[in-house]
Amino acid sequence: MGGVRPLGDFYLNTLMNENDIDWVFFSPAGVFDQEGKKTGSYRLGKDDLIVDAEGNSHISVQDYADAMVNELEKPAHHKERFTIGY
């Protein structure tokens, strides 16, 4: 978890105060499923961790990559963080 705090600090202290560039910060779910398949059936959110009905936060690496490519091809988030999960 050593990398999470510095990234959070960077987001809060640097990006949130940046006005000259159109930035985006893509936060993953709590757990990456490296073996999971691409479903295309995920939820996106803003600042809150996305959890399923059982309270688990997870996403397959393939669905995370799909959402990232979608954002690159058709930007929907500007100067904000967004999150992903099932």
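These legends accompany a set of close-up views of a predicted model.

**View 1. The whole fold of the predicted model, as a starting point.** Let us begin with the overall layout. The protein has two helices and five strands, and they follow one another along the sequence as α-β-β-β-β-α-β. Its C-alpha trace spans about 35 × 30 × 20 Å along the principal axes. The protein has 86 residues, and 29% of them count as buried. The accessible surface comes to about 6,000 Å², with 54% of that belonging to carbon and sulfur atoms. If we take the contacts between residues at least 6 apart in sequence, 76% of them join residues at least 24 apart.

**View 2. The largest nonpolar core, built from eight residues.** The members to look for are F26, A29, Y42, I59, Y64, A67, F82 and I84. Two elements, α2 (61–73) and β5 (80–85), each give two or more residues to this core. In soluble globular proteins, nonpolar side chains tend to be buried together.

**View 3. Y42 and its surroundings within the core.** Setting aside its neighbours within four places in sequence, Y42 is in contact with I59, A67 and I84, among others. These three partners also belong to the largest nonpolar core. The contacts of Y42 include D63, D66 and N70 as well, and G85 and Y86 are further partners.

**View 4. The salt bridge between K38 and D66.** Here is one of three salt bridges in the protein. The side chains of K38 and D66 meet at 3.3 Å, N to O. K38 sits in the loop between β2 (31–33) and β3, while D66 belongs to helix α2, so the pair ties together parts that are 28 residues apart in sequence. D66 counts as buried because its relative accessibility is 16%, below the 20% limit.

**View 5. Two salt bridges, K46 with E80 and D47 with R81.** In the K46 and E80 pair, the closest N and O atoms are 2.7 Å apart. This pair links distant parts of the chain, with K46 in the loop between β3 and β4 and E80 in strand β5, 34 residues apart. K46 counts as partly exposed, at 43% relative accessibility. D47 and R81 meet through their side chains at 3.1 Å, N to O. D47 lies in the loop between β3 and β4 and R81 in strand β5, 34 residues apart. D47 counts as partly exposed, at 43% relative accessibility.

**View 6. D52, a buried residue with no salt bridge.** Please look next at the loop between β3 (43–45) and β4 (58–60), where D52 is found. The nearest side chain of opposite charge is that of R43, 6.7 Å away; a salt bridge needs the charged atoms within 4 Å, so this pair does not qualify. The side chain of D52 does reach the backbone nitrogen of E54, at 3.0 Å. Not counting residues up to four places away in sequence, D52 touches R43, H58 and Y86.

**View 7. E18 and the backbone nitrogens around its side chain.** Our last stop is the loop between α1 (4–13) and β1 (24–27), the place of E18. E18 is partly exposed, with a relative accessible area of 23%. Its side chain reaches the backbone nitrogen of D20 at 2.7 Å, and a polar atom of the E18 side chain lies 3.3 Å from the backbone nitrogen of I21. Leaving out residues up to four places away in sequence, E18 touches W23 and K79. For a sense of scale, E18 and G40 are 32 Å apart in space, C-alpha to C-alpha, and 22 residues apart in sequence.

How values were computed:
Residues numbered from 1 in each chain as written. Predicted model: local features only at pLDDT ≥ 70, side-chain atom pairs only at ≥ 80, totals over all residues. Heavy atoms only, no water. Core = buried A, V, L, I, M, F, W, Y, C linked by side-chain atoms within 4.5 Å. Buried < 20%, exposed > 50% of the residue type's maximum accessible area, 1.4 Å probe, protein only. Helix = DSSP H or I, 4+ residues; strand = E, 2+ residues; numbered from the N terminus. Contact = heavy atoms within 4.5 Å. Polar contact = N/O pair within 3.5 Å; in protein donor to acceptor, adjacent residues only side chain to side chain. Lys, Arg positive; Asp, Glu negative; His and termini not counted. Areas by Shrake-Rupley, 256 points an atom, 1.4 Å probe, with all protein chains shown as cover.
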